[in-house]
Structure formats: structure tokens, C-alpha cells
Amino acid sequence: MTGSTAASFTADDYRARMERAARSAAEAGLAGLLVAPGPDLTWLTGYTPPAVTERLTLLVLAGDRDPVLVVPALEAPDARKAAGASALEMRDWTDGKDPYAATAALMAPVGRFGVSDNAWALHLLALQQAVPGSAYVSLTEALPMLRAVKDAAELELMAAAGAAADATFEEIRTVPFAGRREAEVAADLDRLLRLHGHDQVDFTIVASGPNGANPHHEAGDRVIERGDTVVLDFGGLREGYGSDTSRTVHVGEPTDEERRVHDVVRAAQEAGFRAVRPGAACQDVDRAARAVIADAGYGEYFIHRTGHGIGVTTHEPPYMIEGEEQPLVPGMCFSVEPGIYLPGRFGVRIEDIVTVTEDGGRRLNTTTRELVIVE
């Protein structure tokens, strides 16, 4: 199993995150933040409720007061065990009481609040009724970079997740492909990711032959044949932080065209990586990778953005796409994953997670980007 030496996050770490979030909200002109169960709550407090229910759990952050977690009384004992519990005030409520009135007392009577993306409409509508002067905007829209810049401990966890995904690829390339169903190879990927320390597997794409032309193909019953190009894309969470890597392999010797397309994608991926540096815009990474593919005559077959952010979720801001002018900052982590997809024939994608350094970028995936031959 791949290990990690990263220390556990402390109450001070979570306090600093909540203070930064409240400060960012104020700078964005928000009256505060309302954070429901999900990745934002876990990242800010270390608390993940045992189950998502209709009972209101909500972290209230505002610059003029200490953080408060409104939590059902029956779940309060678990909440108090969270690593960040001592950095906030906890207010529990019992069934039969009105949690929205209790939450409203913590909110400014008039103002616009940032709300975590997965908050229930049930709760927001009730809060709007309790605080008629309130309005809401999603955190992704209001504070898209809230979790984007990782600290040293987070980067260590990201690197460990990347190393675990790399170890998975090194083993999967040795298993039989020909004569097996895509779903069987996908099951191998799932098993290996868990063997190397992943607590959660989010996806195991195995797209063989013509299925490789579908970037989000779900592994199915197609039997992989000799002569197939196979796109592998897999990842999940290890100790709370994400991995995501893609490599394209070939069953037996490839044709000249298959090698050529793979070489174009590899050059595009390298160009995207070399565009990573502090101060560059996210769209610069997309432009660099896309230009290589367009110049080779395959521009219409690169049908998705070049990358997405990754952290406590496997897809999050920032996005490497035309029109995204957000500058890159040291500590950001995101994928660089250009591809070419030829309908009815085959596809190729190569993906690494990259983090921005003080003078460029660093790959968190280091397995070969050459076309690997499997049996």
C-alpha cells in the first residue's frame, strides 16, 4: 500500500481555513457563507455527517462573528469529535424545534450569502422565508478559488494520491486485456486503486476500440480485441484528496496512424504542461495543448476542455478552458488531459495532474506517456 507522511489537519488548520473563507466572502461583497454537508463542510471543519438527511446541518460563516455549526442534536456528539470542532461554536437543535429560526438569528437581516453548491432547495427556501431580505449565490460562482490553492500538507496528500494512481497503472499494464470485457479490466483498476490506499474510487473508464471515441464511456460488456486502442481513465480519493490520470494503451502492435495520433496527443499534453507557470491564465494551458492538435489537423476531434481542478473532489475549479482568465497561482492543482476522438474508430487521451510551482509546474503523475503495448 502506498503510504503518506502528511500530518493530520489540526483545529488551527481548520480555523485558518474558516477565517480565510469568511474574509474572502467579505471581499466578494457577501454577507456570509452557508455551508451544507459535502466537500466544502469537510474541508472547512473536518466534519462529515454520518448521513445526509432532511435535518438541517449548516455552517454559518461571517466576518463579524465566530463560525457556528447548526447541527441536529442527535448528530452533535459526532460533530464534536471533528478535528475542527474546537475552532467553532456549535448550536444543536432537537426535533420539533425550528432550525431555520435558529439559523436566521446568525444571519444579517439583509444580504447576499454564498451557499455551498449541494445545499438542499428545501433548506434554502425555508431560510429565505425566515430571512426575507436574504439572497443566495453558489460558492462555485461567488468564490470559485476557495479551495483551489493547496497548502504544503494538502500537496503532500495530492502527491500521494497521484503516486497511488501511478502504481495502479504500472500493475494494470501487466494484466491480460485481449479476450476480456472492459468491465473486467475496470474491476481490476478499482481493486488496485484500493490496494494502493484509495478509500473511494470515483471512476474507472476502460474504453476499447470505437468506444475510445467517447471521452466518458462507461466500461461495459464489449470484449477487448487484439488491435484495439484502449483509453484508461481512473481515479478517486485517497485520504480525502483526489487522483485522476489517463493513459492510452494498445493491444498488440498499433498501426502507423494510431501511433501518429498518440504522438500528437502526447505532444499536446507536453505543450499544455509547459504552459503552466504562475501568472499565466487558465486558458493559456488550453490554448497551448489545443494548438498542437489543431496544427496536426485533428482540431475538430478534441471535444472537451484541457483540464479541471482537483482536490477534495476529483472535479472542481479552476478549469483549463478558453475564456477562463483566472491566473495560475502556486499550489493550484489541475489536470492537463488533451485527447483526440475519431468517431467509430478509436480515441487517445493522456492526463496528468499538475501543480503550479513558484517557477512553473510539477507533474503529480510520472508514468510513461509513450504508447504502452499490452497483451
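This report walks through the overall build of one protein chain, then its cysteines and two unusual backbone spots. Keep in mind that the model is predicted.

**The whole chain**

Let's start with the big picture. The chain is built with 10 helices and 17 strands. Its radius of gyration is 23 Å, close to the 21 Å that the globule rule gives for 375 residues, so the chain is as compact as a globular protein of that length. If you draw a box along the principal axes, the C-alpha atoms fill roughly 70 × 40 × 40 Å.

What about inside versus outside? Of the 375 residues, 53% count as buried. The accessible surface adds up to about 15,300 Å², and carbon and sulfur atoms own 51% of that.

You can also ask how the fold brings distant parts of the sequence together. Take the contacts between residues at least 6 apart in sequence: 67% of them join residues at least 24 apart.

Then there are the charges. The chain has 35 positive and 56 negative ones. Even so, the mean positions of the two sets are just 1 Å apart.

**The cysteines**

A disulfide is a covalent bond between the sulfur atoms of two cysteines. How many disulfides does this model have? The count comes to zero. Cys282 is in no disulfide, and the nearest cysteine sulfur to its own belongs to Cys333, 13 Å away. Why does Cys333 not bond with Cys282? The 13 Å between their sulfurs is too far for a bond, because a disulfide needs the two sulfur atoms within 2.5 Å.

So are Cys282 and Cys333 buried or exposed? Cys282 is buried, and Cys333 is buried too. The table puts their values next to those of a loop residue, Glu239, which is partly exposed.

| Residue | Relative accessible area | Status |
|---|---|---|
| Cys282 | 0% | buried |
| Cys333 | 1% | buried |
| Glu239 | 39% | partly exposed |

**Two backbone spots to look at**

Now find Glu239 in the structure. Which loop holds it? Glu239 lies between β8 (229–238) and β9 (241–251). Its phi is positive, about 50 degrees, although Glu239 is not a glycine. With a relative accessible area of 39%, this residue falls between buried and exposed.

The other spot is a pair of prolines. The peptide bond from Pro317 to Pro318 is cis, and its omega is near 5 degrees. To locate this bond, look for strand β11, which covers residues 316–320 and includes Pro318.

How values were computed: Residues numbered from 1 in each chain as written. Predicted model: local features only at pLDDT ≥ 70, side-chain atom pairs only at ≥ 80, totals over all residues. Heavy atoms only, no water. Buried < 20%, exposed > 50% of the residue type's maximum accessible area, 1.4 Å probe, protein only. Helix = DSSP H or I, 4+ residues; strand = E, 2+ residues; numbered from the N terminus. Rg over C-alpha atoms; globule rule 2.2 N^0.38 Å. Contact = heavy atoms within 4.5 Å. Areas by Shrake-Rupley, 256 points an atom, 1.4 Å probe, with all protein chains shown as cover. Lys, Arg positive; Asp, Glu negative; His and termini not counted. Charge placed at Lys NZ, Arg CZ, Asp CG, Glu CD.
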